[in-house]
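This report introduces a protein structure to a reader who has not met it before. It takes up a patch on the surface, then the cysteines, and then the confidence of the prediction.

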Amino acid sequence: MDWGTELWDQFDDIERHTQWGLDLMEKYVKFVKERTEIEQAYAKQLRNLVKKYLPKRNTREDPESKFCQYQAFLQVVKELNDFAGQREVVAENLMTQICMELSKHVQELKQERKLHFQEGRRAQQQLENSFKQLENSKRKFERDCREAEKAMLAAEKLDQDLNATKADVEKAKQQANLRSHMAEESKNEYASFLQKFNRDQSQFYFLEMPQTFNKLQEMDERRTVRLKEGYGVFSETERQVMPIIGKCLDGMKAAADSVNEKNDSQVLIELHKSGFERPGDVDFEDFSQPINRTSSDSSLGTPRGTLDGRLDPRLLGKNKGKRWLFSKKNKPVITEDFSHLPPEQRRKKLQQQIEERNRELQKEIDQRDALNKMKDVYQKTPQMGDPASLEPKISETLSNIEKLRLEIQKYESWLAEAESRMLSNRPDNILRHSRHLDPAATLNNNGSHEKDSPDATHSDDSQDALNQPIYTEFDEDFEEDLASPVGTCVAMYQFEGSSEGTISMTEGEELSLMEEDKGDGWTRVRRSKGGEGYVPTSYLRVTVN
């Protein structure tokens with residue numbers, strides 16, 4: 001079924017329908033455009049929300065970053081940022097695949113429709129002109145027939161009139177013959193125009209207009225197909241980003257599942273554990289027996305401190321500070337050996353300083369090795385550079401290495417001292433090491449005073465610290481955490497690690513990434529067969545977890 005056959009007489013209805021179809025397509029384009037504006041505004045608001053709640057600086061040094069609940073929150077915020085990006089993708093695809101494409105198609109269809117209707121109106125105008133010619137010839141034929149009949153009647157009447165002359169009769173007959181001849185010519189002309197009109201009318205209704213209507217039908221169906229595709233793109237655009245949005249939502253769910261209340265409780269302990277022992281029971285002091293009266297370190301009565309029994313304010317301040325934990329504390333004076341911190345926090349801080357110095361030391365060693373390699377190259381190939389130009393930098397590097405090693409030794413000695421004190425303060429070691437404790441700074445759980453002098457105590461503590469292990473079980477766990485790979489890498493070239501701290505690798509070998517390049521051109525890796533060291537960063541293809 002086609003329009004040219006079924007709607008041959010519905011020219012105006014076809015014109016209205018095709019215009020309505022174009023209007024519908026433009027309406028859909030406008031609808032999608034407003035949808036894209038909503039998506040863009042939504043994405044922008046999400047971006048602003050993410051920017052508002054993401055930390056403005058690196059949070060690795062913040063204690064809160066160690067809690068999995070805070071890390072999960074940051075992960076949720078980051079996943080929301082990716083989600084916002086997908087909303088922007090939806091808006092962009094809707095704009096390009098629907099708004100721009102359909103708008104262009106509408107303009108093309110408008111021009112095509114205009115041409116088709118111009119052809120139809122031109123054919124209709126030609127048919128109307130042919131009909132006018134037919135009507136004119138018909139009226140002329142009718143007029144000439146009446147004139148011929150009237151002339152014939154006049155000639156017959158004059159011929160019967162006895163008073164009429166022969167010349168008048170002949171003239172009337174000639175006039176009648178002329179009118180008859182003109183009527184015959186008009187009849188032939190009318191027949192010719194009628195034949196022409198019928199031919200034009202048949203061509204108009206059976207050829208020209210059906211062709212025009214069929215072209216309009218094909219155009220309208222093509223427009224409908226494009227509109228149908230536009231409807232599909234509207235949903236398919238959303239469907240295309242659903243896998244990524246699903247990953248964002250899965251990431252949020254994974255972040256929620258990663259929260260472990262026990263882990264955060266343990267993190268809080270590790271962050272703020274002081275290492276102090278809890279105060280012992282307050283001993284009863286019998287004032288009814290004035291002779292041989294004693295007092296204890298844990299007593300709230302008259303503490304020792306002076307020979308005449310008067311209160312030593314310094315001892316009172318220390319005992320009170322340990323016993324009343326919720327009292328307002330004065331800001332401590334920060335010292336280089338972190339002795340102002342509680343024992344556990346001091347040990348962690350010292351360990352952190354040692355690890356930082358070791359990393360700096362390794363960098364300096366790597367730089368020294370690199371400079372020595374460069375110097376060897378310059379000595380073997382003088383045209384590449386002057387070996388003497390590297391001496392200042394090598395000397396500076398060696399000085400830095402020596403300085404860092406001294407600092408490491410200094411922090412290690414402080415760490416040994418701190419750990420020996422922590423070991424001596426454990427419940428199972430209190431009695432064994434009680435003679436080493438400073439009586440002016442420690443509460444004795446047994447309620448008796450130590451009689452050793454402070455100087456002697458300090459000397460004994462220092463000697464005892466040298467006999468204690470430097471690293472505890474916590475240190476071993478901490479080292480294991482640091483030693484876990486941060487990514488993987490593949491060797492693009494072969495490298496012979498002949499210098500100190502370097503490691504050999506073959507082309508195509510897969511390695512574990514232990515530490516990223518810190519800017520010196522070297523990366524620390526671990527081989528699957530064992531062995532760990534530094535290789536050139538430019539020789540690797542790195543994938544960070």
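On the surface of this predicted model, Leu49, Tyr53 and Phe73 form a nonpolar patch, and together these residues have about 270 Å² of accessible area. One of them, Leu49, lies in helix α2, which covers residues 11–53. Leu49 counts as partly exposed because its relative accessibility is 38%, a value that falls between the limits of 20% for buried and 50% for exposed residues.

The cysteines can be considered next. A disulfide is a covalent bond between the sulfur atoms of two cysteines. When the whole structure is searched, 0 disulfides are found. The table gives the relative accessibility of Cys99 and Cys248.

| Residue | Relative accessibility | Class |
|---|---|---|
| Cys99 | 2% | buried |
| Cys248 | 3% | buried |

Cys99 counts as buried because its relative accessibility is 2%, and Cys248 likewise counts as buried because its value is 3%.

How confident is the prediction, and where is confidence lowest and highest in the protein? The protein has a mean pLDDT of 81, with 80% of its residues reaching 70 or more. Confidence is highest in α2, at a mean of 95, and lowest in helix α10 (residues 454–466), at a mean of 40. Over residues 293–324 the pLDDT is below 50, and the model gives this stretch 56 contacts beyond near neighbours in sequence. Residues 429–482 also have a pLDDT that stays under 50, and for them the model has 83 contacts beyond four places in sequence.

Definitions and conventions:
Residues numbered from 1 in each chain as written. Predicted model: local features only at pLDDT ≥ 70, side-chain atom pairs only at ≥ 80, totals over all residues. Heavy atoms only, no water. Patch = residues over 30% accessible without salt bridge, like charges linked within 9 Å, V, L, I, M, F, W, Y side chains within 5 Å. Areas by Shrake-Rupley, 256 points an atom, 1.4 Å probe, with all protein chains shown as cover. Salt bridge = Lys/Arg side-chain N within 4 Å of Asp/Glu carboxyl O. Helix = DSSP H or I, 4+ residues; strand = E, 2+ residues; numbered from the N terminus. Buried < 20%, exposed > 50% of the residue type's maximum accessible area, 1.4 Å probe, protein only. Disulfide = S-S within 2.5 Å. pLDDT = per-residue confidence, 0-100. Contact = heavy atoms within 4.5 Å.
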